[in-house]
Amino acid sequence: MSREKQEWEKTIESWGRHLCLERGLSVNTIAAYTTNLSDFATHLCSAPLTTKLPSEVTKADIEEYMVVLYERRTTPTTQARNLSALRAFFRYLVFKGIMTDSPTAKVSSPKTGRTLPDTLST
């Protein structure tokens, strides 16, 4: 296993403990967030020339991953949840002093759309 992948796993595990102990999130929420983040880490570490540590991620990496999610035909709500997990993770890295600013700060969320409400019949 590469050094980058080990660093990602260690950081994701630490973040998961933070979500549980400090934020008090449910087990299912933590599992969903860590799964989303592991998928992002796998995406970054899969290309041999572009493997990055968590502290080296840029806005372009986040945007590229959002395009990958779109190409996988994931729903906009799933894309938004993935971005939400990434935002929470990078806020944690900023809080810990690992990064100076979050690469997700200027990434816009996908449009999820709204459904019309059901109307009452006459």
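Let me start just past the end of helix α4, where G97 takes a positive phi of about 85°. Please keep in mind throughout that this is a predicted model, and that the angle at G97 is therefore a computed value from that predicted model.

There is a second residue to set beside G97, and that is R73, which has a positive phi of about 65° even though R73 is not a glycine. R73 sits in the loop between α3 and α4, and, with a relative accessible area of 76%, R73 counts as exposed, because the cut-off for exposed is over 50%.

Now to the helix that lies between these two places in the sequence. Helix α4 has 21 residues, which at 1.5 Å a residue should span 30 Å, and since its end C-alpha atoms are 30 Å apart, the expected and modelled lengths agree. Along α4 the buried residues are Q79, N82, L83, A85, L86, A88, F89, F90, Y92 and L93, so you will see that the list holds Q79 and N82 as well as residues such as F89 and F90. What covers these buried residues of α4 includes α1, α2 and α3.

Helix α2 can be described in a similar way. It has 20 residues and reaches 28 Å from its first C-alpha to its last, close to the 28 Å expected at 1.5 Å a residue. The buried residues of α2 are I30, Y33, T34, N36, L37, F40, A41, H43, L44 and C45, and they pack against α1, α3 and α4.

If we step back to the whole chain, there are four helices and zero strands, and read along the sequence the pattern is α-α-α-α. The C-alpha atoms fill a box of roughly 65 × 35 × 25 Å, taken along the principal axes. Of the contacts in the chain with a separation of 6 or more, 65% are accounted for by residues 24 or more positions apart, and buried residues make up 36% of the 122 residues.

Which residues touch the most other members of the largest nonpolar core? Within that core of 26 residues, they are W8, W15, L37, F40, I62 and F90. Helices α1 (3-21), α2 (27-46), α3 (59-71) and α4 (76-96) each supply at least two residues of this core, and α4 gives the most, with eight residues. As one example from that group, W15 touches Y33, T34, L37, A85, A88, F89 and Y92, once residues up to four places away in sequence are left out.

Is E4, in helix α1, buried or exposed? At 18% relative accessibility E4 counts as buried, because the cut-off is under 20%, and I would ask you to note how the value of 18% stands against that cut-off. Leaving aside its neighbours within four places in sequence, E4 is in contact with C45, T51, K52 and L53, and C45 is itself one of the buried residues of α2.

I will finish with the surface and the charges. The chain exposes about 8100 Å², of which carbon and sulfur atoms supply 53%. There are 16 positive and 13 negative side chains, and the centres of the two sets lie 5 Å apart.

Technical notes: Residues are numbered from 1 along each chain as its sequence is written. This is a predicted model: local features need pLDDT of at least 70, side-chain atom pairs count only at pLDDT 80 or more; totals for chains, interfaces and linings use all residues. Side-chain values use heavy atoms; hydrogens and water are left out. Buried means under 20% relative accessible area, exposed over 50%, partly exposed in between (1.4 Å probe, protein chains only). Contact means heavy atoms within 4.5 Å. Accessible areas come from the Shrake-Rupley method with a 1.4 Å probe; for residues, only the protein chains shown count as cover. Lys and Arg count as positive and Asp and Glu as negative; His and the chain ends are not counted. The place of a charge is taken as NZ of Lys, CZ of Arg, CG of Asp or CD of Glu. A nonpolar core is a set of buried Ala, Val, Leu, Ile, Met, Phe, Trp, Tyr and Cys residues joined through side-chain atoms within 4.5 Å. The expected span of a helix is 1.5 Å times one less than its number of residues.
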